[in-house]
Amino acid sequence: MPTASDIVLEAAGIEKSFPGVRALDGVALRVRAGRLVALLGENGAGKSTLMNILSGVYPPDAGTIRLDGREVRFANPREAQALGIGIVHQELNLVRYLSVAENIFLGREPLTVTGLIDYRKLHADTAAVLKRLDLAVAPGTLVADLRVGQQQVVEIARAVSAEARVLILDEPTSSLSAHEVEVLFGVIAELKSRGVAIIYITHKFEELARVCDDVTIMRDGRVVGEALLTELTRDAIVRQMAGREAKEVFQKSPAVLGSEILRADEITLPGEGAGRPFLVEKVSLSLRRGEVLGVFGLVGAGRTELLETLFGLHPERSTGRVSVNGQAVNFTSPRDAIAAGLALAPEDRKRDGLVLPMSVAANASLASLDRTLRGGLVSESREAAYITPYIERFRVKTPSLHQLIVNLSGGNQQKVILAKWLATSPKILLLDEPTRGIDVNAKREIYAFIDELARAGLGLVVVSSELPEILALSDRVMVLCEGRKTAEFSRADATPERVLHAALPDLAAIVS
Ligand SMILES: Nc1ncnc2c1ncn2[C@@H]1O[C@H](COP(=O)(O)OP(=O)(O)OP(=O)(O)O)[C@@H](O)[C@H]1O
Ligand SMILES: [Mg+2]
């Protein structure tokens, strides 16, 4: 049993308000040496805000933080880091046009005797930490040239290399491949054995059994439960997160299929530069009204690129034929695709989804400008009237429609992306990882909504790397592996084993 003397970090009575939002209302948290506490809670519960306070991003309005029993105050993140608190933020925080090495050691670069940056040591130290995280990229590579999952590993490398005593990981696996997740879990085990205290935020319950010792559950800015993981059931966690009984599990309604609404033949997208010659290679698909086509594949399988190509995002490079409602189409931009009734809700919310310095209302109506313009200008009242039902439908947690989107919690930003694309009233909806960063209860609501849209006669293509999600939602499952379609299953035939098998490039190599 852990004892009080193991407590490395202790926060008590933490309060934090933002205009219109009481984000933290008297929160206490304890973290012990060599143990991992999972911090759970619905979207907007206050998890990231608490972590921002513990890592010096904001001062609390009230409350204390103690490190080894001594009260500390951080004027900025650098002071927290100097005292041994490392953090991997929920949103990527790298300088895109610096190298991997420069990012990892930013602000603490090794210097030569003459006071210049010692690049030789910088690169050697970087190579060592990258090896620990099994990331095969050169230290001099620009971060902008890495894929999102690799950037996430670089962030983890930065926190790990600082030899923190308290390590905060805020949804660290949201864009990692299965292999990268395994490596991270290995590093976590090693850090725990060396006495590092870890705070871990996740919406993926299956991760808990792998890494977690203690659980703290937050709701509406308060801590509502603390226990050992072994004392809790999944249902008990969900109930405490929501403050009510868990609703029934999602049940897909039987599909009522109409005519073919989308057809694609031999879609091909060549790669750029080094790497695979084809990101998508001769993929064909057919989608009917009322149908949900699930696309499963591991990170890097070409799922996102397939959706992007269908949506007219790669007109110069891609080849293949697409028809909508039996009519051949040739989209030269997403504008053409939107006009033909398509919508694509992308996975990477910072890059293509949202305009951070704009309001919730402006972001949500950005793809439906034709409905909110008056005399060539956006009418705020029309915008609000048009978008409100969608914001309510997804229960976006925001003090008002005028709140800047950057101030919403990660999961609530994701909900705004879904609202934005639904507001275009599409006939064909392409969803790329629609529930990334969404809490368990909200996930079920989104599944029910996808089901409702299909019943209303839309055709939907849903990409996900979560197999249970694909199996729950889809009428048909298509599997991609390394850019190629490797299998297609009806709902009845789509067993987890079959789908996974088709998604893995070389089963033997992974099992051994
Ligand atoms: N800088 C800010 N300005 C205004 N409001 C903020 C700010 N940061 C957070 N909030 C609000 O505080 C509340 C808690 O947000 P927080 O990001 O801590 O939630 P979370 O538990 O991390 O949720 P998620 O699981 O979606 O990431 C939300 O209502 C959010 O909109
Ligand atoms: Mg968060």
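**Exercise 1. Which residue in β2 stands opposite Glu15?**

Work on the predicted model. Start with the two strands.

Step 1. Find β1 at residues 7–18 and β2 at residues 21–32. They pair in the antiparallel sense, over nine bridges.

Step 2. Look at the link. β1 and β2 form a hairpin, with two residues between them. Gly20 sits in the turn and has a positive phi of about 80 degrees.

Step 3. Read across from Glu15. Asp25 in β2 stands opposite.

**Exercise 2. Find the strand that pairs with β1 over five bridges, and name the bridge partner of Glu10 in that strand.**

Step 1. Go to residues 62–67. This is β4, which pairs with β1 over five bridges.

Step 2. Check the sense. The pairing of β1 and β4 is antiparallel.

Step 3. Locate Glu10. Its bridge partner in β4 is Arg66.

**Exercise 3. Trace the open sheet of six strands and explain why β6 and β10 each have a side without a neighbour.**

Step 1. Write the order: β6-β7-β8-β3-β9-β10. The pairing is mixed.

Step 2. Find the edges. β6 covers 85–88 and β10 covers 222–228. Each has a single partner strand, so one side of each is left without a neighbour in the sheet.

Step 3. Add the twist. From one strand to the next it averages 20 degrees.

Step 4. Take the pair β9 and β10. β9 spans residues 214–219, and six bridges join it to β10. The two run antiparallel. Asp214 stands opposite Leu228 in β10.

**Exercise 4. Place helices α6 and α8 against the strands.**

Step 1. Start with α6, residues 178–193. This helix lies across β3 (36–41), β7 (166–170) and β8 (197–201).

Step 2. Give the angle. α6 runs at about 145 degrees to β8.

Step 3. Turn to α8, residues 234–242. This helix packs on the sheet and touches β3, β9 and β10. Its direction makes about 30 degrees with that of β9.

**Exercise 5. Divide the chain into domains and describe where domain 1 meets domain 3.**

Step 1. Mark the bounds. Domain 1 is 4–242, domain 2 is 247–341 + 426–512, and domain 3 is 354–424.

Step 2. Give the spacing. The C-alpha centres of domains 1 and 3 lie 30 Å apart.

Step 3. Count the contacts. Nine residues of domain 1 are in contact with eight residues of domain 3.

Step 4. Sort the domain 1 side. Its residues touching domain 3 divide into two nonpolar, five polar and two charged.

Conventions:
Residues numbered from 1 in each chain as written. Chains lettered and ligands numbered in written order. Predicted model: local features only at pLDDT ≥ 70, side-chain atom pairs only at ≥ 80, totals over all residues. Pairing = 2+ DSSP bridges. Helix = DSSP H or I, 4+ residues; strand = E, 2+ residues; numbered from the N terminus. Axes fitted to C-alpha atoms, helices over the stretch in contact; angles between N-to-C directions. Contact = placed C-beta atoms within 7 Å. Domains from an automatic or database assignment. Nonpolar A, V, L, I, M, F, W, Y, C, P; charged D, E, K, R; others polar.
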